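Grab your viewer and work through these exercises with the model open. Each one sets a task and then walks through a solution.

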Amino acid sequence: MREIEEKAAQAYRTEFGEDPELVASAPGRINLIGEHTDYNGGFVLPCAVGRRVAVAAAAGGGELYSTNFEETHPMSGEKDSSWADYPRGVVWAFGEEGRKVGNFRAAYAGDVPRGAGLSSSAAIEAATALALDALFGLGLDRKDLAVLCQKAENEFVGVQSGIMDQYASLLCEEGSALLVDCRSLEAESVPLDLTGSGLALLVCDTRVERGLADTGYNDRRAACERAARTLGVEQLRDAGVEDLGRLSGEELRRARHIVTENARVLEAVEALRTEDFRELGHLMYQSHASMRDDFEISTRELDAFVELAEAAGALGARLTGAGFGGCAIAVVRTGDTGALARDARETFAGRGFEEPVFYEFVPAAGAEVAR
Ligand code: GLA
């Protein structure tokens with residue numbers, strides 16, 4: 001078992017005085033490219049990171065304990081705006097789908113940074129869904145579990161996110177990114193061996209906290225829907241560059257990002273298949289510029305990191321996730337990550353920004369039942 005899984009198991013024993021029946025865990029994610037495309041029926045290319053939420057669980061009882069928050073909440077009932085809304089939302093979503101989940105007890109431990117845009121919420125949902133599926137022998141497949149987790153997030157927690165994060169957490173494979181067609185919900189692993197090419201993925205958490213609910217996320221979603229209506233298409237997935245001339249102002253800018261970003265995801269997949277990391281990097285820079293200028297979800301911290309990365313010769317860099325804060329990523333030569341992190345720390349300090357935190361990730365495994 002991974003350390004974080006041991007930690008959940010140990011917490012279960014301490015809290016509940018018995019052994020758990022099983023331990024499951026699910027990762028956070030970064031998105032290589034394809035931002036805000038998921039709820040437009042488009043393409044995304046996330047990969048799982050080596051930080052996870054683990055849950056140790058057994059049938060019976062009805063308490064949820066978190067080692068991170070050191071608190072216990074009931075497994076079912078009303079939303080109370082705590083961390084427990086995520087697992088409780090999953091229990092609720094199973095019920096809505098007519099799946100019988102009995103009473104259970106669970107202890108959680110996680111090391112996915114919270115509020116950083118690395119999808120700790122999808123990780124707790126995915127770990128819970130996989131654990132309950134195994135515990136109660138429901139036999140749902142990963143895609144169904146991901147859709148169920150999204151339902152929990154949209155309808156119980158009340159955040160209008162797309163499907164990317166839950167898909168990434170449940171379906172990613174070690175050493176690969178995951179191409180998801182967010183309309184058909186088909187997903188395909190695309191090998192991503194950066195290390196083999198002497199490259200590393202550096203993640204810069206700008207520590208500008210973003211809660212999806214209180215950002216412009218819903219605004220952007222609404223603008224995309226308006227643009228689709230103006231164009232007479234179901235979703236912006238169905239629009240092409242040739243249609244953009246029929247839009248203006250905000251609708252034009254938002255739609256231009258989505259249309260060009262969808263194309264970039266498919267080009268990025270081609271680049272990965274031919275191990276053309278230069279091309280991947282090039283697409284990442286274009287993606288960032290599009291999010292900065294057209295979708296307007298970047299911040300001065302995210303822009304600063306991307307500029308520093310480019311100046312330092314990184315192959316590519318961009319903000320990742322919803323934007324409005326959170327993390328940026330850079331594809332950098334293995335030996336160069338330390339210098340870039342140092343540079344960024346200095347520049348951020350000089351400009352009076354929060355001190356950033358850095359992670360180096362290799363594409364990790366998706367959700368698993370450890371035992
Ligand atoms: C958040 C949402 C995802 C996706 C991204 C932006 O992570 O949860 O569904 O929309 O933002 O790409």
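**Exercise 1. Work out how long helix H4 is, what caps it and what packs on it.**

Step 1: Start with the span. Helix H4 covers residues 142–157, which makes 16 residues, and its first and last C-alpha atoms are 21 Å apart, close to the expected 22 Å at 1.5 Å a residue. The expected span here is 1.5 Å times one less than the number of residues. Helices (H or I, at least four residues) and strands (E, at least two) are DSSP runs, numbered from the N terminus.

A word on the ground rules: this is a predicted model, where local features need pLDDT of at least 70, side-chain atom pairs count only at pLDDT 80 or more, and totals for chains, interfaces and linings use all residues. Numbering runs from 1 along each chain as its sequence is written, and side-chain values use heavy atoms, with hydrogens and water left out.

Step 2: Look at the ends. At the N-terminal end of H4, aspartate 141 acts as the cap, with a side-chain oxygen 3.1 Å from the backbone nitrogen of lysine 143. After H4 comes glycine 158, with a positive phi near 90°.

Step 3: Find the buried side. Buried means under 20% relative accessible area, exposed over 50%, and partly exposed in between (1.4 Å probe, protein chains only). The buried residues of H4 include Leu145, Leu148, Phe156 and Val157, and also Lys151 and Glu153. Helix H2 (85–96), helix H3 (120–135) and helix H5 (164–171) are among what covers the buried residues.

**Exercise 2. Trace the two open sheets and say which strands sit at the edges.**

Step 1: Get the four-strand order. It goes S10-S11-S9-S12, with antiparallel pairing. Two strands pair if DSSP finds at least two bridges between them.

Step 2: Pick the edges. Strand S10 (316–320) and strand S12 (357–361) each have a single partner strand, so one side of each has no neighbour in the sheet. On average, neighbouring strands of this sheet are turned by 25° against each other, direction ignored.

Step 3: Zoom in on one pair. Strand S9 (residues 199–205) and strand S11 (residues 327–333) run antiparallel and are joined by seven bridges. Leucine 199 has arginine 333 in S11 as its bridge partner.

Step 4: Add the helix. Helix H9 (residues 300–311) lies across S9, S10, S11 and S12, at about 5° to S11. Axes are lines fitted to C-alpha atoms, for helices over the stretch in contact, and angles run from 0 to 180 degrees between N-to-C directions.

Step 5: Repeat for the three-strand sheet. Its order is S2-S7-S8, again with antiparallel pairing. Strand S2 (43–44) and strand S8 (186–191) are the edges, each with a single partner strand, so one side of each lacks a neighbour in the sheet. S2 pairs with strand S7 (residues 176–181) over two bridges, and phenylalanine 43 stands opposite aspartate 181 in S7. H5 lies across S2, S7 and S8, at about 135° to S7.

**Exercise 3. Check two glutamates with positive phi.**

Step 1: Recall the background. Most residues other than glycine have a negative phi.

Step 2: Take glutamate 70. Its phi is near 50°; glutamate 70 lies in the loop between strand S4 (63–66) and strand S5 (71–74), and is exposed at 63% relative accessible area.

Step 3: Take glutamate 275. Its phi is near 50° too; glutamate 275 lies in the loop between helix H7 (249–273) and helix H8 (277–293), and is partly exposed at 49%.

**Exercise 4. Describe the surroundings of glycine 41.**

Step 1: Place it. Glycine 41 is in the loop between strand S1 (22–31) and S2, and is buried, with a relative accessible area of 1%.

Step 2: List contacts (heavy atoms within 4.5 Å). Beyond residues up to four places away in sequence, glycine 41 touches Asp181, Cys182, Arg183, Gln235 and Arg237.

Step 3: Compare sequence and space. Glycine 41 and cysteine 182 are 141 residues apart along the chain, yet their C-alpha atoms are separated by 5.0 Å.

Conventions:
A polar contact is a pair of N or O atoms within 3.5 Å; within protein, one must be able to donate a hydrogen and the other to accept it, and residues adjacent in sequence count only if both atoms are side-chain atoms.
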